[in-house]
Amino acid sequence: MAKTLPTLALLGATTAAGAALFFAQPFAGGGARAADPGTCANDSGLSLPPGFCATIFADNIGHARHMAVAADGTVYVNTWMSRYFRTPPPEGGFIVALRDKDGDGKAESVARFGPTQAQGANGGTGIALWKGGLFVEANDQIVRYALKPGQAVPVGAPSVVVDGLPMEGDHMMKPIAIDKAGNLFLNSGSPSNVCEKANRQPGSPGKDPCDELTTRAGIWQYSATKTGQRFSATERFATGIRNTGGITFDAAGQMLAMQHGRDQLSQSWPALFTTQQGVDLPAEELIQPRKGDDFGWPYCYYDGFQKKLVLAPEYGGDGGKAVGRCATKKGPVAAYPAHFAPTGLDYYAGGQFPAAYKGGVFIAFHGSWNRAPLPQDGYRVMFQPLANGKASGAAILFADGFAGPGKASGQAANRPTGVAVGPDGALYVSDDVNGRIWKIIYKGPANAALTAAKPVVYDAAAVAAASGPPVKLPDGFTSEQVALGSRIYSGIERNGTCQGCHGADGRGSTIGPALTGEKWLWADGSVASLAKVIGEGVVSPKQYPTGMPAKGGSDLSDADVQAVAAYVWTLSHK
């Protein structure tokens, strides 16, 4: 029988293997509220622990991904553009240099450089500073810009450090990190969910052996001192990592990284997993990669309730009992709620925050799409205390309030994406929806204990208003039919899966197109054409990395399909 999440806001438990597991329940009820202001002003809209405050350091700079902060306080941001985003990037290059000249916590100087969208660039995620160079992911390359002291924007063209990065499929972004010795590490995420023969199609078996592991689903190692390196299987450092959201190093130089757990256990294997288990499993992981390590993907996933790696159903798993080959794979340092999507990680060695923070890591959780029919969650920054490479206590909620009342992939006002610690010990958080950067500082006592921020909660009316009601019905359909379609779409009935890929308001996501009428890939916008696509599914997508199973993988009657199609029609007629 499926276990349910604890009812307290945050619980921590240390496993026998030394990994910590932390669950978070979605919060409901009440009006919006923020944390106590502590001893400094906080006009950022975020809820923070007492003594912390935040400013909006920059805004509307493009879809901001990861950051790197120079010794002089210049914040470098890599931004990105894809079909997922409805607004075009600002004029200029995708790399942004931000400077706060008067020390008021806001960047007065905003400079852009690098290739533009008109020149064929799309930007990227990875960015790092090392010995006078700014290293940036740019399309399928890692490039280096030479920096001169006192100049925020480099002069001259960059040199290519690594070329030929694989970009196809589900996880194309390349977080990077450089250690003190000049070793450059980069993520090469999996192009699929679980290396299935038919990606994300219900019941599809996995490829065994998984050929993706040759060049994907791991961390690769190169040199920051060399140019002209070419991506290949030879430089693989660690494997079995579905997608690395962020990489950092602790004080001893040991690597830490976040792993995104797999999706769609209950949707793809309803005979083995309940809907609740699909929401709760698998855990997101903080891992400690060493050369040659194998963390088990796609054959295994981490079950946070059992606190162990178990065999995936695509490879003979039986719903969580069988371990098989997973007994030899490496588990996490700490684990977190399923589908929260960790996209940023940085180690805290600064001296500004209380001593309790030193030696731990900040994690940016981008937010879920695969937790229906429960509300989507994540959209927060958490802090994980560590000691000697192991979890030394429960993670705490450090910053909340990013998403607003529309806490879903297509509705969130902001989504925390990257975290970076500045030379003064301040923490920067980036957002890839509207391009906002926050700067968080501390003004309280140095010996303060770790105290969680108060979660920001919204009443039902605010949540409903964030999505907005349909204003017109399609001909021949009743409001009751459209209401049923809405419930199926959002997963409240029939184990519907639509909003996971297409967003809670139909605005699309990185794995599913928008349904709001600007562009139809398979239909013409009519209810009949929408019903045909929903009923038949999409095996070979035209533009997106992921197809759609017939009826979304749910058990829908013909009347249910018509109801969903009618509801989808309303999304383009608001």
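This passage describes a helix and its packing, followed by two sheets, in a predicted model.

Helix α4, which spans residues 479–489, packs against helix α7, residues 558–571, at an angle of about 90°, and the axes of the two helices lie 7 Å apart. Because angles of 65 to 115 degrees count as roughly perpendicular, α4 is described as roughly perpendicular to α7. On the α4 side the contact is made by Q481, V482, L484, G485, S486, I488 and Y489, and these residues meet D560, A563, V564, A566, Y567, V568, T570 and L571 of α7. By character, the residues of this contact divide into ten nonpolar, four polar and one charged.

The buried residues of α4 are V482, L484, G485, I488 and Y489. Viewed down the axis of α4, these buried residues fall within an arc of 155°, and they therefore line one face of the helix. Such an arrangement can be read against the geometry of an α-helix, which has 3.6 residues a turn, so that residues three or four places apart point the same way. The cover over the buried residues of α4 includes α5, residues 498–502, as well as α7. Just after α4, the backbone at G491 adopts a positive phi of about 90°.

Turning to the sheets, strands pair through backbone hydrogen bonds, in either a parallel or an antiparallel manner. One open sheet consists of four strands in the order β12-β13-β14-β16, and its pairing is antiparallel. Its edges are formed by β12 (176–178) and β16 (236–239), each of which has a single partner strand, so that one side of each is left without a neighbour in the sheet. Neighbouring strands of the β12-β13-β14-β16 sheet are turned against each other by 20° on average, direction ignored. Within this sheet, strand β14, residues 218–223, pairs with β16 in the antiparallel sense over three bridges, and G218 stands opposite T239 in β16.

Another open sheet, also of four strands, follows the order β23-β24-β25-β28 with antiparallel pairing. The strands at its edges are β23 (342–347) and β28 (396–399), each of which pairs on one side only. Here, neighbouring strands are turned by 30° against each other on average, again with direction ignored. Strand β24, residues 361–365, runs antiparallel to strand β25, residues 380–384, and five bridges join the two; in this sheet, F362 is found opposite F383 in β25.

Key
Residues are numbered from 1 along each chain as its sequence is written. This is a predicted model: local features need pLDDT of at least 70, side-chain atom pairs count only at pLDDT 80 or more; totals for chains, interfaces and linings use all residues. Side-chain values use heavy atoms; hydrogens and water are left out. Axes are lines fitted to C-alpha atoms, for helices over the stretch in contact, and angles run from 0 to 180 degrees between N-to-C directions. Angles under 35 degrees count as roughly parallel, over 145 as roughly antiparallel, 65 to 115 as roughly perpendicular and the rest as oblique. Contact means heavy atoms within 4.5 Å. Ala, Val, Leu, Ile, Met, Phe, Trp, Tyr, Cys and Pro count as nonpolar, Asp, Glu, Lys and Arg as charged, and the others, Gly among them, as polar. Two strands pair if DSSP finds at least two bridges between them. Buried means under 20% relative accessible area, exposed over 50%, partly exposed in between (1.4 Å probe, protein chains only). The arc is that of the directions from the helix axis to the C-beta atoms.
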